[in-house]
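Thanks for asking me to look through this one with you. My notes follow as numbered points, best read with the model open beside them.

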Protein chains: 2
Amino acid sequence: MLPNGLVADLRARKAPAIARAISLVENGRTGFESLLSILHPELGHARRIGITGPPGAGKSTLTEQLVRRYREAGFTVAVVAVDPTSPFTGGALLGDRIRMESVALDPGVFIRSMATRGSLGGLATSTREVCDVLDAAGFDRILIETVGVGQSELDVARSADSTVLVLVPESGDGIQTLKAGIMEIGDLFVVNKADRPGADRLRQELEITLGIRAGQTFRHVPAHHGPRAGRTPPAGPSEPAGWLPPVLATIAARGEGVPELVAALDGHAAYLERSGGLDQRRRQRLYQRTREVVERAARQWIWQDTQAESLIRDRLDGLAAGRANPYEVAAEVLEGLKQGSRV
Amino acid sequence: MLPNGLVADLRARKAPAIARAISLVENGRTGFESLLSILHPELGHARRIGITGPPGAGKSTLTEQLVRRYREAGFTVAVVAVDPTSPFTGGALLGDRIRMESVALDPGVFIRSMATRGSLGGLATSTREVCDVLDAAGFDRILIETVGVGQSELDVARSADSTVLVLVPESGDGIQTLKAGIMEIGDLFVVNKADRPGADRLRQELEITLGIRAGQTFRHVPAHHGPRAGRTPPAGPSEPAGWLPPVLATIAARGEGVPELVAALDGHAAYLERSGGLDQRRRQRLYQRTREVVERAARQWIWQDTQAESLIRDRLDGLAAGRANPYEVAAEVLEGLKQGSRV
């Protein structure tokens with residue numbers, strides 16, 4: 001079923017094979033599940049790093065800088081950039097990717113943009129599957145860059161081993177929103193464009209918020225005692241029970257603060273390994289993934305292999321006229337499914 | 001099954017009944033589908049208006065201003081504010097709502113915050129169902145305010161009859177992102193905080209982008225011929241085949257530009273009615289809703305009434321060790337479902 005030699009070429013990290021495998025997976029074409037099944041036992045080599053934040057925070061520039069640093073250290077790097085989709089065209093905007101040209105020609109670097117998809121599958125699931133392909137291809141680091149602050153985007157970021165939340169001084173205005181929606185998914189926080197006014201204030205606000213949160217969550221961390229910028233949290237036998245997310249300052253356009261971010265990411269990876277958090281995250285991910293695959297398969301079954309779709313279309317006039325309602329039509333469909341009705 | 005007198009009190013627009021009905025629906029408690037089934041034939045009175053945009057764009061302030069205007073015109077108004085959820089606490093941030101205090105005591109106004117939910121149901125579906133409750137309660141206008149630019153948030157906004165995309169001059173930086181992700185869901189565009197530097201530039205950029213888009217989509221609209229700010233598009237026999245989204249300027253904090261926005265919204269409603277777009281949108285919504293209800297019911301069936309969940313947990317060690325993979329486990333679950341396996 002799978003194209004000849006695809007798996008072997010993928011393991012050899014040949015770019016055309018990687019691109020082909022990703023397309024297969026991203027579009028859910030015949031054989032994609034066999035491919036992922038074959039690759040499954042080989043996963044776990046790559047360190048997956050999510051980079052998220054509001055539009056205009058400089059995520060792409062920061063990602064590019066991280067790629068350079070990792071390359072200098074001898075690691076291979078894959079970048080998965082999740083772009084917002086136009087609901088009309090279904091296409092992804094690749095503009096930001098152009099800025100990564102400086103690293104795009106390096107054979108140790110693979111860059112892929114992904115479009116948000118509405119229907120079968122879902123963005124988070126297919127992004128994770130694409131990362132699996134890259135993991136199996138042997139990349140040492142996978143950087144997952146997601147624009148936006150929405151729910152599906154958070155899901156994507158959360159599926160990484162470490163998640164970096166990138167903010168800019170202008171984000172300070174929305175800090176109340178951020179507190180609830182985003183503060184809790186970042187393992188590391190970056191205030192980018194740190195030479196702009198308001199950067200120090202934002203960093204302080206972040207640290208206070210994180211300090212409070214840590215104080216409530218982990219008894220050993222004194223409240224209001226946030227970590228200091230540019231430093232990884234203290235390690236060793238006296239360290240607190242939890243991870244205290246560091247707040248770093250960067251000027252990504254000039255590469256400033258990026259070595260510190262790399263060090264902080266190493267610190268988080270070490271923490272995860274030490275604490276058993278990595279195994280736990282990956283186990284949780286597997287559980288979640290399996291549930292998602294079940295749901296996707298169920299949707300596919302319902303809409304493609306049963307009469308559900310045409311039954312709804314048949315009832316649409318009645319629905320519009322108020323003679324029928326979505327709940328009784330759905331109940332009818334479900335009854336059919338439970339009785340194993342198929343085409 | 002339903003609380004005594006709930007439907008009657010809801011139809012009489014009694015606030016406690018509305019709140020109770022919404023809670024029932026939002027939490028998917030027993031009887032919520034019966035309630036929605038009963039209300040279904042009564043829907044279609046309210047005009048549903050989505051208000052979306054990035055954090056800090058002033059959506060709440062603008063919403064409050066719209067509420068005041070509609071109240072002055074004698075309309076009853078419901079506000080559904082979709083707040084981002086903290087993945088840890090599960091709660092919604094209600095801070096913004098406090099600012100609506102000036103209208104919150106008016107018995108002709110009903111304000112409800114909704115939390116983003118991850119599991120069963122999904123945010124978009126349950127927001128739509130809450131709007132149905134408010135529609136059945138007889139509100140003339142339902143304002144659906146959604147923070148963020150994510151996929152689920154877009155889905156929420158898209159389920160309105162008219163969607164207002166609110167931007168601020170600072171959004172200009174992200175305009176490339178906006179072009180692809182957001183431009184195409186707005187029926188009306190608002191540049192809020194229009195007294196700030198960059199407001200004119202943003203408006204021009206929006207108009208050019210919209211002009212180009214319209215030029216490509218509708219043959220009768222000359223390319224690069226964007227609508228002018230503060231004015232609704234021309235109506236009448238010579239109007240183009242499609243809707244040309246107007247770009248308006250507001251200073252919501254001072255109420256400036258709000259009457260023009262109300263007029264533009266009326267213009268869009270009239271356009272929808274004239275063109276048959278309203279029926280089409282509502283039909284499409286019913287079709288989509290029924291599909292969502294089927295999927296929700298299917299998920300509920302799979303995870304609550306079958307052995308799927310415990311089967312996955314049983315396989316988790318094998319999955320983690322690479323002996324099993326998510327796809328074969330999912331296939332096993334699906335096979336069971338198709339054969340009508342139940343507890």
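1. In which sense do strand E5 (residues 162-167) of chain A and E6(A) pair, and over how many bridges? The pairing of E5(A) with E6(A) is parallel, and it has 4 bridges. Please keep in mind that this is a predicted model. If you would like one residue pair to look for, A:Val166 has A:Val190 in E6(A) as its bridge partner.

2. On its other listed pairing, E6(A) is joined to strand E7 (residues 247-249) of chain A by 3 bridges, and these two strands also run parallel. Here A:Phe189 stands opposite A:Val247 of E7(A). The side chains of E6(A), residues 188-191, are worth a look too: A:Leu188 and A:Val190 point one way, A:Phe189 and A:Val191 point the other way, and all are buried.

3. For the wider setting, chain A contains 14 helices and 7 strands. Of its 343 residues, 52% are buried. Taking the contacts in chain A with a separation of 6 or more, 70% are between residues 24 or more positions apart.

4. Does the length of helix H12 (residues 277-305) of chain A agree or disagree with what its residue count suggests? The helix has 29 residues and, at 1.5 Å a residue, should span 42 Å; the end C-alpha atoms are 41 Å apart, so the two agree. For anyone checking by hand, the expected span is 1.5 Å times one less than the number of residues.

5. Staying with H12(A), its buried residues include A:Leu286, A:Arg289, A:Glu292, A:Val293 and A:Ile302. What covers them comes from both chains: helix H7 (123-136), helix H13 (308-321) and helix H14 (326-338) of chain A are included, and so are helix H12 (277-305), helix H13 (308-321) and helix H14 (326-338) of chain B.

6. Moving to chain B, how many residues of strand E1 (residues 47-53) are buried? The count is 7 of the 7, so the strand is largely enclosed by the rest of the structure. B:Arg47, B:Ile49, B:Ile51 and B:Gly53 point one way, while B:Arg48, B:Gly50 and B:Thr52 point the other way. Over 4 bridges, E1(B) pairs in the parallel sense with strand E5 (residues 162-167) of chain B. Within that pairing, B:Thr163 of E5(B) is the bridge partner of B:Gly50.

7. Helix H3 (residues 32-39) of chain B makes a neat case. Its buried residues are B:Phe32, B:Glu33, B:Leu35, B:Leu36 and B:Leu39. Viewed down the helix axis, these buried residues of H3(B) fall within an arc of 155°, so they line one face of the helix. The cover over them includes H14 of chain A, along with H2 and helix H7 (123-136) of chain B.

8. Two backbone angles deserve your attention. B:Arg13 is not a glycine, yet its phi is positive, near 55°. The residue sits in the loop between helix H1 (6-11) and helix H2 (15-26) of chain B. B:Arg13 counts as partly exposed because it has 18 C-beta neighbours inside 10 Å.

9. The second is B:Lys193, also not a glycine, with a positive phi of about 55°. Its place is the loop between strand E6 (188-191) and helix H10 (199-217) of chain B. Is B:Lys193 buried or exposed? With 22 other C-beta atoms within 10 Å, B:Lys193 is buried; the cut-off for that is 20 or more.

10. Finally, two buried helix residues of chain B. B:Leu272, in helix H11 (residues 258-275), has 20 other C-beta atoms within 10 Å and is therefore buried. Leaving out residues up to four places away in sequence, B:Leu272 touches B:Asp161, B:Gly277, B:Leu278 and B:Arg281. B:Gln65 belongs to helix H4 (residues 59-72) and is buried, with 24 C-beta neighbours inside 10 Å. Beyond its neighbours within four places in sequence, B:Gln65 is in contact with B:Ala252, B:Gly255 and B:Val258.

Terms used. Residues are numbered from 1 along each chain as its sequence is written. Chains are lettered from A and ligands numbered from 1 in the order in which they are written. This is a predicted model: local features need pLDDT of at least 70, side-chain atom pairs count only at pLDDT 80 or more; totals for chains, interfaces and linings use all residues. A residue is buried if 20 or more other C-beta atoms lie within 10 Å of its own, exposed if 12 or fewer, and partly exposed in between; C-beta atoms are placed from the backbone. Two strands pair if DSSP finds at least two bridges between them. Two residues are in contact if their C-beta atoms, placed from the backbone, lie within 7 Å. The arc is that of the directions from the helix axis to the C-beta atoms.
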